[in-house]
Amino acid sequence: MNLWIRESIFYQFYTLGFCGGLEPGRVYEEENRLKKIEKWIPHLKEMSVNAIYFSPIFESSYHGYDTKDYYKVDKRLGSNKDFKELCEQLHGNEIKVILDGVFNHVGREFWAFKDVQENGINSRYCSWFANLSFDSKSPMGDEFNYQSWNGCYDLVKLNLKNQEVLDHLLHAVSTWIDEFDIDGLRLDAADSIDFEFFKVLKKSTQTKKDDFWLMGEVIHGDYTRWTNSESLDSVTNYECYKGNYSSHNDKNYFEIAHSLNRLFGNGGIYKDLCLYNFADNHDVNRLASILKNPEHIYNIYTLLYTMPGVPSIYYGSEYGIKGVKGLGTDLPLRPELELGKINEANDKVFELIKKLGIIRCENEALKYGNYEQVVVKNEQFIFTRTINDDKIYIILNLSDKDSNLDLELSFTEGIDLLDENEIIINGGKVRIAVPAFSAKIIKELKNQNRKQYPGN
């Protein structure tokens, strides 16, 4: 059982971009660019990050998802030895390591595909690729055709029903666990992969580590088709990703409230799942670039850290950096960054994320608690997270005006964890003033904790 996941705060690196390995047309020599990540460890710990998801690090032709060799770290990043040393550094700082498992497809320079190009119908690897046929040419000019991923013919779909392919991939994963001691995998394009593959992968990884975590990239659908005891442990929560930012853009908290209640409320369809939550990632425009009102960024992150599931920050977004996809390219979403040299860094966002990290780590209700909505209005939203006798109220106001909200607290005295532990004097039926574009996280002030807070 991977019980550690609910204790986690994730940080995602698009590794090749972050380390400066994506410059078009540049010829790269092998160099340890991964050492740059070591320099960011204190920064990560400031945010209470204890798990990193690395986008693809293995040898590829360009962006990482076009794999050439599953057993070798991309030379643009360094060597296998370099990555092993990085993993040791991260584990020494109590940070888990999650790799991108790109098993749906490979690049056209993948060694087995090149064998088909060279030997044609006589290649012993023809059956490694989905629907490979010599009845027609491919759009890339090959004397054969094949199934691509999503119409992108530089990505060749693997035949995951072929036992040799399975053996090759499972042995690679075992090698990553043995050599780098990785703690989990994010399965790329999981919604395009045969479900039986996940069952085989689960059995294989459990023989190596019984707490190994498997998370799938799923855009839509019934998450339980992927997340169950036989298959994956979690999937990407795209429903709440969309609901979080669009509720603020549309000034309509009913959207995200409906999703949270449907997924996690009493009788919620995913009440017992720990989904992977995010405000942006390497495939979507940066949060700061899609908000109609930049002041809403703070409540969006407050909601990310307090809703059920595990929160994740995409590198650089802790400073509110912007990024919008270009015409046919995702490069603007995946820049090289240097600490202290980030243009137009929003330090207020960073300070909030630091505070939210501490609040989440210190409160079991936010990691394990049940979800219940209390008040839902277009511009105000209140919900609770509860475990045993520990209840926390999350109060959000997206309006450009101060709001007075009436509710009944289940305790007589509490503190706002976001406001330097300000004491809420009144309990029971109360009217709480919430400033514009702000939130409160209210927790009961119990007698045993009273001395540590000012104003008593």
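Visitor: How many bridges join strand E17 to E20, and how do the two run?
Guide: Happy to start there, keeping in mind that this is a predicted model. Strand E17 covers residues 403–408, and strand E20 covers residues 429–434. The two run antiparallel, and the number of bridges joining them is 6.

Visitor: Which residue stands opposite Ile-432 of E20, and is Ile-432 on the buried face or the other one?
Guide: Side chains alternate along E20, with Lys-429, Arg-431 and Ala-433 pointing to a face where they are not buried. Val-430, Ile-432 and Val-434 point to the other face, and these are buried. So Ile-432 lies on the buried face, given that buried means under 20% relative accessible area. The residue opposite Ile-432 is Leu-405.

Visitor: Which strands stand at the edges of the sheet ordered E6-E8-E7?
Guide: This is an open sheet of 3 strands with antiparallel pairing. An edge strand here has a single partner, so one side of it is left without a neighbour in the sheet. The strands that fit are E6 (105–107) and E7 (148–149).

Visitor: Which residue of E8 does Ser-148 stand opposite?
Guide: E7 and E8, the latter spanning residues 152–157, pair in the antiparallel sense over 2 bridges. Within this pairing, the residue opposite Ser-148 is Val-156.

Visitor: How many disulfides are there, and how far from Cys-19 is the nearest cysteine sulfur?
Guide: A search of the whole structure gives 0 disulfides. A disulfide needs sulfur atoms within 2.5 Å, so Cys-19 is in none. The nearest cysteine sulfur belongs to Cys-87, at 13 Å.

Visitor: Is Cys-19 buried or exposed?
Guide: The cut-off for buried is under 20% relative accessible area. Cys-19 has a value of 5%, so Cys-19 is buried.

Methods: Residues are numbered from 1 along each chain as its sequence is written. This is a predicted model: local features need pLDDT of at least 70, side-chain atom pairs count only at pLDDT 80 or more; totals for chains, interfaces and linings use all residues. Side-chain values use heavy atoms; hydrogens and water are left out. Buried means under 20% relative accessible area, exposed over 50%, partly exposed in between (1.4 Å probe, protein chains only). Helices (H or I, at least four residues) and strands (E, at least two) are DSSP runs, numbered from the N terminus. Two strands pair if DSSP finds at least two bridges between them.
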